[in-house]
Amino acid sequence: MEEKDQEVRKDYIEGAKKSLSKIIEEIFIRFSSAMKVAQIYEPNNLTFIRQINLLFNLIQNILQKEGKAVFQFRENTLFFNTTRVKFDFSSYHNFKFLADEFREKEIGTLGFNPGLSESELTQFITLFIDDEVIKENPFEDFEAVLKESGIGHIFLEKMHSLEVTGGAREEELQKSAIKVFFKSITHLKEVVEREKKKKRIWLKTTRRLMQSIINLVSQNESFMIGLTNIKNYDEYTLNHSTNVTVLSICFGRRLGLERKELVDLGVSAFFHDMGKVEIPEEILNKPGKLDDNEFDIMKTHSWQGAQKLACLKELSILPVTAINVAMEHHIWANLEGGGYPKYWKKDHTDFFSKIVKICDFFDAVTTERPYR
Ligand SMILES: [Fe+2]
Ligand SMILES: [Fe+2]
């Protein structure tokens, strides 16, 4: 632990190569550790002091670099100074822990201003975990206590009333959402392996999973979108495909698509990058930019995916849109502007291809690739 802490500090101070999102993620890990430690130890305990010190240094560094450090929870997504924050699987539980704590106190924004002192931070954490502070109104009571204590460099804003949820039903819903999300990733992994062996891919299971995602999205859309903020470098394509599926279903639902159409859209989004199976790992995970030759190989994943889907044993229950989406999700809307494959001649791309393209792009630009 000691060594790990040293490493984190060293990386931050010397590194600066580390991405901002990595640092923000570390602040969150530190934050939740400090809360957990504060629940067990008194403020004069050495472990507690050390945790606060590590957290304080990270916040200080951010303040020096950015001039402000503002966390905002919006619809189960965390923003830091307006950047959407993504989490590793391993730190998702820290995010969930803090999100629950914030929701309980109805805090939508937590900000640190330059001039913050270590003792203010200690006081803040101590008051945060103190059950006695809240009498009637979670946010107002907590904010009043902060003011009384003279904490001047930390500010709060109340969570939007629509976001204040909770209760046992909500918990259950969140558990099923997490289960379905990870089941989808595992299922896609199995599909890829079975397709390689030219076996049936259990398309009925895919459709059933889409039904579950649609149910969950209609009950708690923001929580489902929140799950797309988890990043997974090891299984990037699987995770990305699941994210694009969830986002496409949310988008399609907002556009007024019917249930049957949403299932087809979900299946199409789920398989949009099937062709990447054929792209060599060295190209898929290449640190830095692809050269022209590598990019040409990468571009083949559109038609390779469409071809794979068209050759499935279960083609009769595969929506034809899935083949179009695989082929068209890298083509620009007007077909003249660019994108690939170049030879694909149609007046316009499929409506589902446009939805998936937008969600694909959104997920890609908000996720940092391993070294890119
Ligand atoms: Fe793609
Ligand atoms: Fe993609």
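**Exercise 1. Lys198 and Trp202**

Task: Is Lys198 buried or exposed, and what is the sign of its phi?

Solution.
- Step 1. Start with the accessibility. This is a predicted model, and in it Lys198 has a relative accessible area of 52%.
- Step 2. The cut-off for "exposed" is over 50%, so Lys198 is exposed.
- Step 3. Now find its place in the chain: Lys198 sits in the loop between α7 (167-196) and α8.
- Step 4. Check the backbone. Phi of Lys198 is near 55°, which is a positive value, and the residue is not a glycine. As a rule, most residues other than glycine have a negative phi.
- Step 5. Look for a companion. Trp202 is also in the loop between α7 and α8, and its phi is positive too, near 60°. With a relative accessible area of 39%, Trp202 is partly exposed.

**Exercise 2. The site of ligand 1**

Task: Which residues donate to the iron ion (ligand 1), and why is Asp273 counted as buried?

Solution.
- Step 1. List the donors: Asp273 through OD, and His301, His329 and His330, each through NE2. They lie 2.1 to 2.3 Å from the iron ion (ligand 1).
- Step 2. Read the donors along the chain, and you get the spacing D-x27-H-x27-H-H.
- Step 3. Place two of them. Asp273 is in the loop between α10 (259-270) and α11 (281-284), while His301 is in helix α13 (residues 301-310), so this pair ties together parts that are 28 residues apart in sequence.
- Step 4. Turn to burial. The cut-off is under 20%; Asp273 has a relative accessibility of 4%, so it counts as buried. His301, at 1%, counts as buried as well.
- Step 5. Widen the view to the helix that holds His301. In α13, 7 of the 10 residues are buried, so the helix is mostly covered. Among the buried ones, besides His301, are Ser302, Gln304 and Leu309.

**Exercise 3. The site of ligand 2**

Task: Why is the arrangement around the iron ion (ligand 2) called irregular?

Solution.
- Step 1. Collect the donors: His240 (NE2), His272 (NE2), Asp273 (OD) and Asp360 (OD), at 2.1 to 2.3 Å from the iron ion (ligand 2).
- Step 2. Look at the angles. The 4 donor atoms subtend 77 to 174°, and that makes the arrangement irregular. For a tetrahedral site, all angles would have to lie between 85 and 135 degrees.
- Step 3. Try the other iron ion. The 4 donor atoms of ligand 1 give angles of 85 to 172°, and that site is irregular too.
- Step 4. Note the sequence pattern of the ligand 2 donors: H-x31-H-D-x86-D. His240 belongs to helix α9 (residues 236-254) and Asp360 to helix α15 (residues 351-365), so the pair ties together parts that are 120 residues apart in sequence.
- Step 5. Both of these residues, His240 and Asp360, are buried.
- Step 6. Join the two sites. Asp273 coordinates both iron ions, which are 3.5 Å apart.

**Exercise 4. Two helices that cross**

Task: How do the axes of α9 and α10 cross?

Solution.
- Step 1. The two axes come within 8 Å of each other, and their crossing angle is roughly 155°.
- Step 2. Angles over 145 degrees count as roughly antiparallel, and α9 and α10 are therefore roughly antiparallel.
- Step 3. For the handedness, the crossing of α9 and α10 is right-handed.

**Exercise 5. Cysteines and a cis bond**

Task: How many disulfides does the structure hold, and which residues does a cis peptide bond join?

Solution.
- Step 1. The count of disulfides is 0.
- Step 2. Take Cys250 as a case. The nearest cysteine sulfur belongs to Cys359 and is 8.3 Å away, whereas a disulfide needs a pair within 2.5 Å.
- Step 3. Compare surroundings: Cys250 is buried at 4% relative accessible area, but Cys311 counts as exposed at 61%.
- Step 4. For the cis bond, go to Tyr340 and Pro341, where omega is about -5°. Pro341 lies in the loop between α14 (320-328) and α15.

Technical notes:
Residues are numbered from 1 along each chain as its sequence is written. Chains are lettered from A and ligands numbered from 1 in the order in which they are written. This is a predicted model: local features need pLDDT of at least 70, side-chain atom pairs count only at pLDDT 80 or more; totals for chains, interfaces and linings use all residues. Side-chain values use heavy atoms; hydrogens and water are left out. Donors are N, O and S atoms within 2.8 Å of the metal (3.2 Å for Na, K and Ca); water is not among the atoms, so sites may look incomplete. Four donors count as tetrahedral if all angles lie between 85 and 135 degrees; four count as square planar and six as octahedral if opposite donors are over 155 degrees apart and all others between 65 and 115; anything else is irregular. Helices (H or I, at least four residues) and strands (E, at least two) are DSSP runs, numbered from the N terminus. Buried means under 20% relative accessible area, exposed over 50%, partly exposed in between (1.4 Å probe, protein chains only). Axes are lines fitted to C-alpha atoms, for helices over the stretch in contact, and angles run from 0 to 180 degrees between N-to-C directions. Angles under 35 degrees count as roughly parallel, over 145 as roughly antiparallel, 65 to 115 as roughly perpendicular and the rest as oblique. A crossing is left-handed if the near helix is turned anticlockwise from the far one by less than a right angle, and right-handed if clockwise.
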